[in-house]
Every structure is written in C-alpha cells, then in structure tokens.
Amino acid sequence: MTILVTGGAGFIGSNFVLDWLAQSHEKVVTLDALTYAGNRENLASLKGDERHHFVHGDIGDRALLDQLLATHQPRAILHFAAESHVDRSIHGPGAFIKTNVEGTFTLLEAARTYWSGLSEDIKGDFRFLHVSTDEVYGSLAPDAPAFTETHPYEPNSPYSASKAASDHLVRAWHHTYGLPVLTTNCSNNYGPFHFPEKLIPLMIVNALAGKPLPVYGDGQQIRDWLYVKDHCSAIRTVLARGRVGETYNVGGWNEKANVDIVQTVCALLDELRPSAEGPYARLITYVKDRPGHDRRYAIDARKIERELGWRPAETFETGIRKTVQWYLDHPDWVARVQSGAYRDWIETQYA
Ligand code: NAD
Ligand code: TYD
C-alpha cells in the first residue's frame, strides 16, 4: 500500500511524512514543488529508505499527476501543498490562487480520473484528505463561541480566501462526483521545521540573533496553537476513521494573545540560552499592523474527539519547550533556510 503526500517537504507535510514512516511500513510518495517554503533537508533522515520516494513537481502539472497515480496506485492522497503565509498573500496573491485554487482543482481532477478507474473492490477505500485551516471561518469577537464545522465561511485574507475556495472545490467533487474526500480545518501549528517567517520560529531566530521581535499592532490578536505532531496524529486519525464527505476541526484548546506567545518564547530562551545583553523581552518591538488582521481564531474540536476519539497529546507548555529546544539544537538548519530569498522577504516585510 502507498499514500501520496503533496507538500511533504514543507513544515507540516514533512512532520507528517516522518511520523508516518516512524509508525507504518506503508510507502510514501512525496510530491513537492520545493518553493521557498519547501526543503528537502526536512526529509534528510529518510535518505536511503526504500519506503520513501520523493518527486520534485507541481500539483498543477496534470501529466505528472496522472503518471504518478498510475505508477504508484496510492490508496490515499494527503493534500498539504499550498502557499501558506498570510503576509506573503497580501504582497502577492497570484501565487495563492495558482497553487491553492487552480492546483487543488488539477489535483482533484487527476484524483477523480484515477479513482474512477479503480476496481470496485478497492474504490470504496480510496480517500482524498484535504488539509485546510481555521482561517476560512474569518475572525471571532472576543466572547464569541469557537468555530464549529458549521460556522459560516468568512475568509478575510487572500490566503484564507484561496483556502476557502479549495475547501469548496473538495466539497463539490464529493457531492457531484462521489470522490471520497475528507477535510480537516486546523488552527495555528508550531514545532520543528517551521519556516522562520511565521510568528514563533521568527521570534526564536530573531531573538538568538539579537534582532527586534516585531509584534504587529497591539499584539492582542488571539490564535489557537497546536503542536504540529498533534496535527499529524489528527490527520492520521481522520484518514483511518473519518466519515467520507465530513469536515473535522482540529485545535489545541489553547487560545493565546500574540504578545503572550512572544513573552513565553523569550522566557524559555532566557532559561535555555541566556543572553549577556539581558532578557530577550527587551527586543520586543511593536510595528505597523497587518492590513485586515484577523483579531481572533478559536477552534471547537469536540467533533473529532466525540466521533474519532482524538485529543492533542501536548500542552502548550510542553510543546513550546520542545520547539524552542529544537531550534537551539538545529542551528545549521536555521542558517540554511535563511537563504537570499528569505532575506529579501524580511527586507520587504519589515523595512
Ligand atoms: P508550508 O508553506 O511550510 O509548506 C507548503 C509546502 O507545499 C512546501 O513544501 C512547498 O514547497 C509546497 N508547495 C507549494 N506550492 C506547491 C505546488 N504548486 N505544488 C507542489 N508543492 C507545492 O506550509 P505548512 O505550514 O506546512 O502548511 C501545510 C498545509 O496545512 C497547507 O495547506 C496549509 O494551508 C495548512 N495549514 C497550515 C497551518 C499552519 O499553522 N502552518 C494551520 C492549518 C492548516
Ligand atoms: P503567522 O505565524 O503569520 O500565522 P497566521 O497569520 O496564519 O495566524 O502569525 C501569527 C500571528 O502573529 C498573527 O496574528 C500575526 C502575528 N505576527 C506578528 O505579530 N509579528 C510577526 O512578525 C508575524 C510573522 C506574525
């Protein structure tokens, strides 16, 4: 048996592939375009492992998809590939429409053709699992209940709008064509291999370099944080036991304001790698807010717990400690991902 993972060289995808192969003998084919966010080094520990096959390619390449599906005959497609950074989507939304909307459409069409041709005895077992975000639901008022799976879609950024569009396509391919799909909508992840353009790794990397820690606006925006390996276990659970056509919200029951996250990172670094210059919190710098910045996200993850028995294993305290320690233990990875393209981005965003 084989699974096809798109975007498996990115942050969550690489954690998923590594965790999968640590627990299963089932083969993985990873398809990744290796954009600035994709990094083969994330999968370096799989070198020489015959259960893993890496393909450098784009989900928008229909001929490649057809060839991969025909050759490897996967029993499931796990679709992580996306443009994923809200700030980049504000500067350049085109790539988000291309990959998240058109790319997902092309992948769905290839999956439909492949699935239609499967013999009746295995057709019912095929799954297309679409990995999505809580950002499709928009922003919550401070006292509003957390997002359930029936919350209206109200995306506010080019990123979340493109992910919402992809969710709708996945839904339609099930209702119209019967493709056996599953969708997960997850809150903010953190953990190993997180590209340092996102809040938590950016703060760790900047603090260690003695650079300002840029907090947007008043820093009181709230996100619900989930350790990436818990997201991976949720996806494995939904793949194994999720009801076809359903969506499952995944979250950490852990709402925190951005500035509190930054303070926590600083306190951990003060403990684990104290600076001679004094506490890292001295570097916190309030900067111009993100346009259209969503104020609060919160996930109601009761459905996945009730139906499938999934709950996160990590608390925020255990997960963030592991994360900070991982960055301290991997200075070479950090140095290598800070390539020219990354430095250009930092220059554009924080100039
Ligand atoms: P990421 O940006 O770290 O990784 C995305 C990966 O997709 C990269 O390896 C990139 O090279 C690849 N990719 C991009 N365009 C491609 C294309 N056209 N064809 C093939 N590969 C392509 O993102 P991530 O944080 O790992 O997110 C993975 C998925 O999870 C995304 O769909 C995202 O919307 C979703 N998600 C992320 C979070 C989060 O907090 N990071 C939360 C919920 C959901
Ligand atoms: P981010 O990691 O970009 O994820 P998302 O926008 O998908 O939630 O940002 C998390 C929060 O942190 C978000 O409210 C924006 C804020 N933020 C900052 O305050 N400063 C920064 O430099 C970055 C990258 C994010």
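In these legends, Ala, Val, Leu, Ile, Met, Phe, Trp, Tyr, Cys and Pro count as nonpolar, Asp, Glu, Lys and Arg as charged, and the remaining residues, Gly among them, as polar. The model shown is predicted.

**Figure 1. Residues that surround ligand 1 in the predicted model.** The shell around ligand 1 consists of 28 residues. Those closest to the ligand are Ile-12, Asp-32, Ser-84, Tyr-159 and Lys-163. Sorted by class, the shell holds 13 nonpolar residues, 12 polar residues and 3 charged residues.

**Figure 2. Polar contacts of ligand 1.** The side chain of Asp-32 places an N or O atom 2.6 Å from an oxygen atom of ligand 1. Asp-32 is also among the residues closest to this ligand. Two further contacts involve the protein backbone. A polar backbone atom of Leu-34 is 3.4 Å from an oxygen atom of ligand 1, and a polar backbone atom of Ile-59 is 3.0 Å from a nitrogen atom of the ligand. On its own, ligand 1 would expose 830 Å², of which the protein buries 96%.

**Figure 3. Helices and strands in the shell around ligand 1.** Two or more shell residues come from each of the helices α1 (11-23) and α6 (158-177) and from each of the strands β5 (127-133) and β7 (188-190). Strand β5 provides the largest share, with 3 residues.

**Figure 4. Residues that surround ligand 2.** Around ligand 2 there are 17 residues, and the nearest of them are Glu-135, Pro-214, Arg-290, His-293 and Tyr-350. By class, this shell contains 7 nonpolar, 5 polar and 5 charged residues. Helix α7 (199-208) and strand β8 (213-216) each contribute at least two residues to the shell. The largest share, 3 residues, belongs to β8.

**Figure 5. Polar contacts of ligand 2.** Two side chains take part in the contacts shown here. A polar side-chain atom of Arg-290 is 2.6 Å from an oxygen atom of ligand 2, and for Tyr-350 the distance from a polar side-chain atom to an oxygen atom of the ligand is likewise 2.6 Å. Arg-290 and Tyr-350 both belong to the group of residues that come nearest to ligand 2. The backbone contributes through Leu-199, where a polar atom is 2.9 Å from an oxygen atom of the ligand. Ligand 2 alone has 510 Å² of accessible area, and the protein covers 97% of this area.

**Figure 6. The second largest pocket.** This pocket has a volume of about 330 Å³. It is lined by 19 residues, and those closest to its centre are Glu-149, Arg-171, Gly-245, Glu-246 and Thr-247. Helix α6 and strand β6 (181-186) are the elements that give two or more residues to the lining. The largest share, 6 residues, comes from α6. Helix α6 also gives two or more residues to the shell around ligand 1. By class, the lining of the pocket comprises 6 nonpolar, 8 polar and 5 charged residues.

**Figure 7. The region annotated in UniProt as an NAD(P)-binding domain.** An unreviewed UniProt entry lists residues 4-323 under this name. Across residues 4-323, the chain is 41% helix and 17% strand. The C-alpha atoms at the two ends of the region are 27 Å apart.

Notes: Residues are numbered from 1 along each chain as its sequence is written. Chains are lettered from A and ligands numbered from 1 in the order in which they are written. This is a predicted model: local features need pLDDT of at least 70, side-chain atom pairs count only at pLDDT 80 or more; totals for chains, interfaces and linings use all residues. Side-chain values use heavy atoms; hydrogens and water are left out. A residue is near a molecule or strand if one of its heavy atoms lies within 4 Å of it. A polar contact is a pair of N or O atoms within 3.5 Å; within protein, one must be able to donate a hydrogen and the other to accept it, and residues adjacent in sequence count only if both atoms are side-chain atoms. Accessible areas come from the Shrake-Rupley method with a 1.4 Å probe; for residues, only the protein chains shown count as cover. Helices (H or I, at least four residues) and strands (E, at least two) are DSSP runs, numbered from the N terminus. On a 1 Å grid over the protein atoms alone, a cavity is a set of points where a 1.4 Å probe fits but cannot get out, and a pocket is an open set with protein on both sides within 12 Å along at least five of seven lines; lining residues have an atom within 4 Å of a point. Grid points are joined across faces, edges and corners, and a volume is the space filled by probe spheres set on the points. UniProt positions are given in the numbering used here, feature names are shortened, and annotations may be inferred rather than shown by experiment.
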